[in-house]
Every structure is written in C-alpha cells, then in structure tokens.
Amino acid sequence: GKGSAASAQVVPAADSPQSYRSSSPSKSTTTNRTKNSHVASVLHAIAKADEDNRHEIPFDDVPPELLCPDRLDLRVWSLLVSNKTCATIENYVTERESKFVEDAMAQLAEEQRQADLPRKKAKKASDDKRGVSASMAATTDARWLARQEAYALQRAKVEADARAGALERSHSEVGLKAVRMGGASKLGDIGLSRIAKCAPRLEVLDISGAIDIHDVGLREVALHCVHLRYLDLSGCSSLTGPGLAAIGERCNQLKHVSLRGCSRAVNGWALAALSKGSGEAIEYLDMSHCQLLSDHDLMTVGKDCTSLTYLDVSHCKQIGDQGVVEVSNHCSRLEVLKLARTEFPNKLTDVAILSIAEGCGKTLKELDLNGCELVTDVGVSWLAHQAGATLEKILLRNCDRITNAGCRA
C-alpha cells in the first residue's frame with residue numbers, strides 16, 4: 001500500500017553525518033552523499049561557532065574608561081580599535097588639557113588680583129587725601145586712565161603668553177605620551193591623524209599590524225609628533241615609502257624602529273631619508289622580512305646609523321656579504337645581529353662572519369646565522385676568538401658546513 005514501510009523513503013536532515021535511502025544506490029553515489037553531508041555538517045558547525053563567538057565580546061568599541069590615561073596600551077582590545085576609538089581618545093585628551101589650562105589661568109588671575117591690592121589701596125588713600133571720590137577720580141584723572149589702559153594691555157599680553165605656556169605645559173604634563181595599538185586592523189588614516197594632532201608630545205607609537213594605514217596617516221604623525229622615540233610599524237603593508245621618509249626628516253629622536261614586513265616602504269630613497277635624518281639616534285632597527293632590502297640599502301644604514309645595538313635583517317633574501325661588511329665596519333656597538341635566511345643561502349659566507357668578528361667582536365652578544373649554508377668552521381672559529389668574551393648566543397641551524405671543530409671553538 002501507499003503507507004507501507006517497504007515503499008517509504010528516509011530523507012536525512014541537512015546536517016546529518018550520513019544520508020541514505022531505503023533503496024539500494026550505487027557505492028559511488030553513497031560516498032558522494034556522505035562527503036556532501038560531512039561538508040554541510042562542518043559548515044553548520046563553523047557558522048554556529050561564529051555566532052557564539054559574537055556573544056563573547058560584549059563591546060562594540062573599547063570601553064571609555066580605558067582611554068583616559070596618558071599612556072594607552074590597547075593591544076588586548078586591538079580587534080575593537082577603530083577611527084571612532086581615536087576620536088574618543090582625542091576628546092579625552094582635549095578635555096584634560098583644557099582643564100589644565102583653565103586651572104593655570106585661574107591661578108594667574110588670583111595672583112594678579114593679589115598683586116593689584118597694594119596699588120588699589122595706594123590709589124584709594126591718595127583720593128581720600130584729596131577728597132575725591134573713586135567714581136570721580138576714575139573719570140577725571142587722565143593720568144590714572146592712561147595708566148589703567150596701559151596696564152590692561154600689558155595684562156592682556158601676560159594672559160595670552162600665560163595661556164600659550166600653559167597649553168604647552170599641558171602637552172608635557174597631562175598630554176598623551178604613549179599609544180600602543182598593535183594589531184588594530186580597523187585603524188585608518190583618519191584615526192591616526194586624530195591621535196597625531198592631539199598628541200604633540202607623543203613618544204611611543206605602536207600600530208603594528210594596521211594594514212589600513214597609508215603614507216598619508218604616517219605623514220601626519222611626522223608633522224605633529226616630532227618627539228617620537230619608539231615607532232613600531234611591523235606589518236603595515238600599505239606603506240610605500242613617503243611616510244617613512246617624512247618620519248626620518250622630522251623625528252630625529254627615534255631610538256627604536258620596527259619595520260618588519262614593510263617590504264614596499266623599506267626601499268632605497270625612503271630608507272636613506274630615515275637613516276640620514278634619525279640615524280644618529282636609532283639604536284634598535286628591525287627590517288626583517290623586507291624582500292626588497294638590498295646590500296646598497298644596508299650599506300646606507302651602516303654608514304648613518306652608527307649607534308645601532310640591535311639589527312635584524314633576517315629573511316631579507318637580497319642581503320649578502322657586502323652589506324654586512326659595511327655594517328660591521330661602522331656599527332661597532334652592535335650587541336644583537338640577526339641574519340637568518342631561508343632563500344639564497346649562498347649570499348652570506350665567511351667573509352661576512354670575519355668582518356663581524358673584527359668590527360663588533362667587543363660588544364656582540366647574539367648572532368643568528370640560521371640557514372647560512374656557506375658559513376664554515378673558519379668563520380665560526382674566528383668569531384669565537386674575537387667575540388668569545390661577550391658572545392652569549394649563536395644560532396647555526398641548517399649551517400651544514402659547521403663541524404665539531406667549529407663547535408669546539
């Protein structure tokens with residue numbers, strides 16, 4: 001009959017791990033249906049996980065309470081940091097500095113009032129002696145009126161200078177000093193410009209991983225934040241060079257610069273502008289994973305950045321002996337040097353290692369040579385001889401030409 005079990009077909013649920021019918025399909029058809037059912041189950045599980053994860057973060061933006069200090073560390077909240085967050089930070093900074101200025105002006109007004117008391121008392125005593133009322137003296141005494149006008153002009157100038165000085169002090173005392181927003185992928189040029197304009201005394205800026213930051217935003221930082229000492233641009237892949245050049249021209253107090261993975265920005269002319277403008281102050285420089293970095297660029301860095309203590313050019317496949325030799329000849333304070341590579345391992349040889357031993361042997365503490373296949377016992381032995389007193393760590397993974405003799409040295 002129509003309702004008999006023999007003629008019924010079992011229709012599986014959409015997310016069922018197996019699908020089958022009471023009829024006997026071919027083996028290949030059954031296998032395909034099973035795979036499709038598994039795929040549907042996985043997609044359903046991913047969608048459900050995404051829906052659940054949306055409820056784990058009960059905020060649409062960073063809580064305002066975290067945006068008040070003068071040193072902000074929002075790395076934990078980086079997924080929520082956006083241009084709107086920067087606008088809120090700007091408002092808090094402006095309010096804080098405005099209150100500082102108004103308090104300073106109120107204090108000045110009180111000091112001026114106290115200073116005016118003896119003069120006013122002397123004037124009143126003189127008027128009483130002459131038998132002239134205060135209202136009459138104020139309208140008839142020409143000399144008094146002239147003095148009052150001159151005093152008003154002088155006082156206005158003093159107040160304007162005091163307000164400008166208070167605003168400058170507010171930047172130093174209650175202004176924004178440090179902003180760490182590493183991983184803020186939603187941060188854009190507009191938000192970065194807001195931060196730069198409201199923080200002329202900014203010393204620390206970490207926007208690593210901000211893939212939507214371009215040279216326009218970085219130029220605003222260079223224009224307004226000339227006191228920068230720490231700058232982390234790791235992973236800012238949209239930068240192309242002009243912004244970095246502007247930083248070099250304006251921010252000559254930089255000590256820590258990280259450009260890891262900024263391949264398009266770390267090129268000849270931009271890097272030359274950075275090293276020429278800020279080179280004397282830079283002590284820490286990370287240019288790892290910059291595929292366009294060449295020996296000529298590294299030579300420029302070596303000549304200008306003579307205060308370097310940390311240099312990372314690992315996985316820069318175009319770097320060879322020539323650039324490393326130039327760095328070791330000029331950067332005698334180097335303590336950490338990273339030259340690890342996975343491509344073109346034949347570009348670094350014992351020539352570079354001998355130069356490092358001669359130029360940096362008195363200060364070198366860590367050397368990374370992972371993947372430098374042409375380095376031999378000769379280079380390692382000479383390095384041990386020259387830098388043995390200071391060297392604490394040397395990495396030689398995949399350096400196949402190093403033997404027991406080099407290890408003993």
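**Close-up views of the predicted model**

**View 1. Ser-278 and its surroundings.** Ser-278 lies in helix α8, where helices (H or I, at least four residues) and strands (E, at least two) are DSSP runs numbered from the N terminus. The model is predicted, so that local features need pLDDT of at least 70 and side-chain atom pairs count only at pLDDT 80 or more, while totals for chains, interfaces and linings use all residues. Residues are numbered from 1 along each chain as its sequence is written, and side-chain values use heavy atoms, with hydrogens and water left out. With a relative accessible area of 1%, Ser-278 is buried (buried is under 20% relative accessible area, exposed over 50%, partly exposed in between, for a 1.4 Å probe and protein chains only). A polar atom of the Ser-278 side chain lies 2.5 Å from the backbone oxygen of Cys-251. Neighbours within four places in sequence aside, Ser-278 is in contact (heavy atoms within 4.5 Å) with Ile-247, Gly-248, Cys-251, Asn-252 and Leu-254.

**View 2. Helix α7 and its cover.** In helix α7, residues 242-250, the buried residues are Gly-243, Leu-244, Ala-245, Ala-246, Ile-247 and Gly-248. Helix α8 (268-278) is part of what covers these buried residues, as are α6 (215-224) and β4 (230-232). Two of the α7 residues, Ile-247 and Gly-248, are among the contacts of Ser-278.

**View 3. Helices α8 and α9 side by side.** The axes of α8 and helix α9 (residues 295-304) come within 9 Å and cross at roughly 5°; axes are lines fitted to C-alpha atoms over the stretch in contact, with angles from 0 to 180 degrees between N-to-C directions. Helix α8 is therefore roughly parallel to α9, a label for angles under 35 degrees (over 145 is roughly antiparallel, 65 to 115 roughly perpendicular and the rest oblique). From α8, Gly-268, Leu-271, Ala-272, Ser-275 and Lys-276 meet Asp-297, Thr-300, Val-301 and Asp-304 of α9. By class, three nonpolar, three polar and three charged residues make up this contact (Ala, Val, Leu, Ile, Met, Phe, Trp, Tyr, Cys and Pro count as nonpolar, Asp, Glu, Lys and Arg as charged, and the others, Gly among them, as polar).

**View 4. The largest nonpolar core.** A nonpolar core is a set of buried Ala, Val, Leu, Ile, Met, Phe, Trp, Tyr and Cys residues joined through side-chain atoms within 4.5 Å. The largest one has 80 residues, of which Ile-207, Leu-233, Met-287 and Leu-311 touch the most other members. Helix α11 provides the largest share of this core, five residues. Beyond its neighbours within four places in sequence, Leu-311 is in contact with Leu-285, Met-287, Leu-298, Val-327, Leu-334, Val-336, Leu-337 and Lys-338.

**View 5. Helix α11 and its cover.** Helix α11 spans residues 350-360, with Asp-350, Ala-352, Ile-353, Ser-355, Ile-356, Ala-357 and Cys-360 buried. Two helices, α10 (321-330) and α12 (377-387), and two strands, β8 (336-338) and β9 (366-368), are included in what covers these residues.

**View 6. Two loop residues with positive phi.** Most residues other than glycine have a negative phi. His-289, in the loop between β6 (284-286) and α9, has a positive phi near 60°. The relative accessible area of His-289 is 29%, which means that this residue is partly exposed. Asn-398, in the loop between β10 (393-395) and α13 (404-408), likewise has a positive phi, near 65°.

Terms used: Polar contact = N/O pair within 3.5 Å; in protein donor to acceptor, adjacent residues only side chain to side chain.
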